[in-house]
Amino acid sequence: MIMRLLKTIATQVKNWFPAPTVHAHCDGPCGVYDPASARIAAEAVVSMTKKILDLQPPTSNNIEGIAAYQNTLSRYIAIKEEQAQLAKKELLVLWTDYFKPVHLEQYPDLHTKFWNAAKLCSACKVEVNSDNTEKLMSAIEDIQRIFWQTKGRTDVSWYRAN
């Protein structure tokens, strides 16, 4: 009985104070999307790739040294792969949720740019390749430039933390 009364009151409140109709061009409120999150994740991929390539295996048969090396290497690899996957997720969210057909009219190669960037994320997971990490950063920089241009902004600088 109480639930029915609460439901009746809620319905009446909705009738008295109807919500206005709103329109948005993307799935979330403005300000939710930003390619910076993909850049930050990709920078971690760059960093871990450098650390993996710089890591020196122990020269002796020191079991503890070998274990420490393998532990550190596996941690670097895990972080690299996790962050490459996160960069891909952030890019795919931008691609599928933010960009709309009107943006494709302005940037006809937009799908190709995102496709290639996502493929670079995968390559960075599979390989330990500094060239691919730099290509990924360049691809994200290009996507960031386009993203901010769609918002009429040319004042957002590209920067790297490292």
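**Exercise 1. Confidence along the chain**

Among the elements of the protein, which has the lowest mean pLDDT and which has the highest?

*Solution.* Begin by keeping in mind that this is a predicted model, and that the mean pLDDT of the protein is 90, with 93% of its residues reaching 70 or more. Next, turn to the separate elements, where helix 1 (residues 2-16) has the lowest mean pLDDT, 80, and helix 5 has the highest, 98. As a general caution, where pLDDT is low, the predicted coordinates should not be read in detail.

**Exercise 2. The span of two helices**

Work out what span helix 5 (residues 110-126) should have, and compare this with the distance between its end C-alpha atoms.

*Solution.* The first step is to note that helix 5 has 17 residues. The second step is to apply the expected span, which is 1.5 Å times one less than the number of residues, so that helix 5 should span 24 Å. The third step is the comparison: the end C-alpha atoms of helix 5 are 25 Å apart, which agrees with the expectation. The reasoning can then be repeated for helix 2, which has 19 residues and reaches 27 Å from its first C-alpha to its last, close to the 27 Å expected at 1.5 Å a residue.

**Exercise 3. What packs against what**

List the buried residues of helix 5 and of helix 2, and then state which helices they pack against.

*Solution.* Start with helix 5, whose buried residues are L110, F114, A117, A118, L120, C121, A123 and C124. These buried residues pack against helix 2 (36-54), helix 3 (63-98), helix 4 (101-106) and helix 6 (130-150). Continue with helix 2, where the buried residues are A38, R39, A41, A42, E43, V45, V46, M48, T49 and I52. The buried residues of helix 2 pack against helix 3, helix 5 and helix 6.

**Exercise 4. Salt bridges, buried or exposed**

How many salt bridges does a search of the whole structure find, and are R39 and E43 buried or exposed?

*Solution.* The search finds six salt bridges. One of them joins the side chains of R39 and E43, with a distance of 2.5 Å from N to O. To see how these two residues are placed, note that R39 and E43 are four residues apart in helix 2, which means that about one helical turn separates them. In general, an α-helix has 3.6 residues a turn, so residues three or four places apart point the same way. For the second part, compare each residue with the cut-off of 20% relative accessible area, under which a residue is buried: R39 has 3% and is therefore buried, and E43, with 7%, is buried too.

Two further salt bridges can be examined in the same manner. The side chains of K113 and D109 meet at 3.4 Å, N to O, and D109 is partly exposed at 35% relative accessibility. Moreover, D109 and K113 belong with D142 and R145 to a network of linked salt bridges. Then there is the salt bridge between D155 and R153, whose closest N and O atoms are 2.8 Å apart. D155 lies in the segment after helix 6 and counts as exposed, because its relative accessibility is 54% and the cut-off for exposed is over 50%; R153, by contrast, is partly exposed at 34%.

**Exercise 5. A nonpolar patch on the surface**

Which residues make the nonpolar surface patch of about 940 Å², and how much of L6 is accessible?

*Solution.* The patch is made by I2, M3, L5, L6, I9, V13, W16 and F17. Taking L6 as an example, one first locates this residue in helix 1, and then reads its relative accessible area of 48%, so that L6 is partly exposed.

**Exercise 6. Sequence distance and spatial distance**

Set the separation along the chain beside the separation in space for three pairs of residues: R75 and I52, Q106 and Y159, and D155 and E82.

*Solution.* First, R75, a residue of helix 3, is 23 residues from I52 along the chain, and their C-alpha atoms are separated by 9.7 Å. Second, Q106, which lies in helix 4, is 53 residues from Y159, with 25 Å between the C-alpha atoms. Third, D155 and E82 are 73 residues apart in sequence and 31 Å apart in space, C-alpha to C-alpha.

**Exercise 7. The surroundings of one residue**

Which residues does Q144 touch, not counting residues up to four places away in sequence?

*Solution.* Locate Q144 in helix 6, where Q144 counts as buried at 6% relative accessibility. With residues up to four places away in sequence left out, Q144 touches P35, V156, S157 and W158.

Methods:
Residues numbered from 1 in each chain as written. Heavy atoms only, no water. Buried < 20%, exposed > 50% of the residue type's maximum accessible area, 1.4 Å probe, protein only. Contact = heavy atoms within 4.5 Å. pLDDT = per-residue confidence, 0-100. Patch = residues over 30% accessible without salt bridge, like charges linked within 9 Å, V, L, I, M, F, W, Y side chains within 5 Å. Areas by Shrake-Rupley, 256 points an atom, 1.4 Å probe, with all protein chains shown as cover. Salt bridge = Lys/Arg side-chain N within 4 Å of Asp/Glu carboxyl O.
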